[in-house]
Amino acid sequence: MNAPLLADPLDIPAELALVAIDMEKYSQIPEAKMAVARCDVDDIVATTLVECQLPDPQKLPGRYKDSGDGAILLFPPSVLARLVDPLLVRLNAALMRYEQQRLASSPVLRLRASVHVGPLSLPDHRGNAINDTTRLLDSQATREALSAAKDSRGFLAVALSEIAYQRTVDAGRTPGLGPHHFLGATARVSDKPGFEQPCRIHVPGLTGPAVRPYLTDATSPATTPGSGRQPAAPSAAPAAGGGTFQFHNQVSDSTIAGHIEVLRIDRRQQ
């Protein structure tokens, strides 16, 4: 019998899609309730995966990595778009349902998450892909975005790597989410001074402009990496069925901001 061939260390591992999740303030939960809270999160995630017709990584060898207050889930790269839409919206909805039903003695469950895709070796999980995924999760931008989620009564904030965004949202593979649902940002981690990457921030239920006031490292549309598409020139007059409104302060309310498609600034003195 021939011996199995050993993988060449110079070979590039196969790509995997990665989702990392982390519970907010897990260390502040009383020790006696930590296991129950974590089980509740696992149940919410597993149920949402079924709703999205996605495989459960916990049932596949080497596809689930427990991180104590969260986990890293590994998927085939072909399902990357579904990890963005519908997974993110449905995960937030599941967390909202949990909040409505939880006992007063149970902790509030809010999650940070990140989505990435890249080469990763199994079963040892070694590679930059998993490092970048966890750093996106721990970035200041994702943490600040969770404050936006709280203020809008949401329970999830997500960072997509630029490559994940380009392959899903920018490629038109997320029918329920468009570019206006995301905000370009720079991901930095306080204890990882060498890490700095562009990313796209998403808070379910909010548009990118509604999240912008919360982020220190939000990037302007002109500097955000993209597919090279040029924005359409503004029309000389409002489109049919549109209207003209005057705002005298920053528009951050999601109900209003989510319906503004063309914004023109008139700097003339009245």
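How many bridges join β1 to strand β3, and do the two run parallel or antiparallel? Keep that in mind as you click through this predicted model.

**Stop one: β1.** Select residues 15-23, which make up β1. Color by accessibility and you'll find this strand mostly covered, with eight of its nine residues buried.

**Stop two: β3.** Now add residues 70-75, strand β3. Here's the answer to the opening question: six bridges, with β1 and β3 running antiparallel. For a spot to zoom in on, pick A20, which stands opposite I72 in β3.

**Stop three: β4.** Next, bring in residues 111-119, strand β4. This strand also runs antiparallel to β1, and nine bridges join the pair. Show D22 and R112 together: R112 in β4 is the bridge partner of D22.

**Stop four: the second largest pocket.** Time to look at some empty space. Select T134, R135, D138, V189 and D191, the residues of the lining that lie nearest the centre of the second largest pocket. The pocket holds about 300 Å³ of space, and 18 residues line it.

**Stop five: who builds the lining?** Highlight α4 (128-138), α5 (140-151) and β6 (183-189), and keep β1 on screen too, since each of these four elements supplies at least two lining residues. Which one gives the most? That's α4, with five residues.

**Last stop: color by class.** Paint the lining of this pocket by residue type and you should count eight charged, six polar and four nonpolar residues. Then go back to β1: mostly covered, bridged to β3 and to β4, and a contributor to the pocket lining as well.

Terms used
Residues are numbered from 1 along each chain as its sequence is written. This is a predicted model: local features need pLDDT of at least 70, side-chain atom pairs count only at pLDDT 80 or more; totals for chains, interfaces and linings use all residues. Side-chain values use heavy atoms; hydrogens and water are left out. On a 1 Å grid over the protein atoms alone, a cavity is a set of points where a 1.4 Å probe fits but cannot get out, and a pocket is an open set with protein on both sides within 12 Å along at least five of seven lines; lining residues have an atom within 4 Å of a point. Grid points are joined across faces, edges and corners, and a volume is the space filled by probe spheres set on the points. Ala, Val, Leu, Ile, Met, Phe, Trp, Tyr, Cys and Pro count as nonpolar, Asp, Glu, Lys and Arg as charged, and the others, Gly among them, as polar. Buried means under 20% relative accessible area, exposed over 50%, partly exposed in between (1.4 Å probe, protein chains only). Two strands pair if DSSP finds at least two bridges between them.
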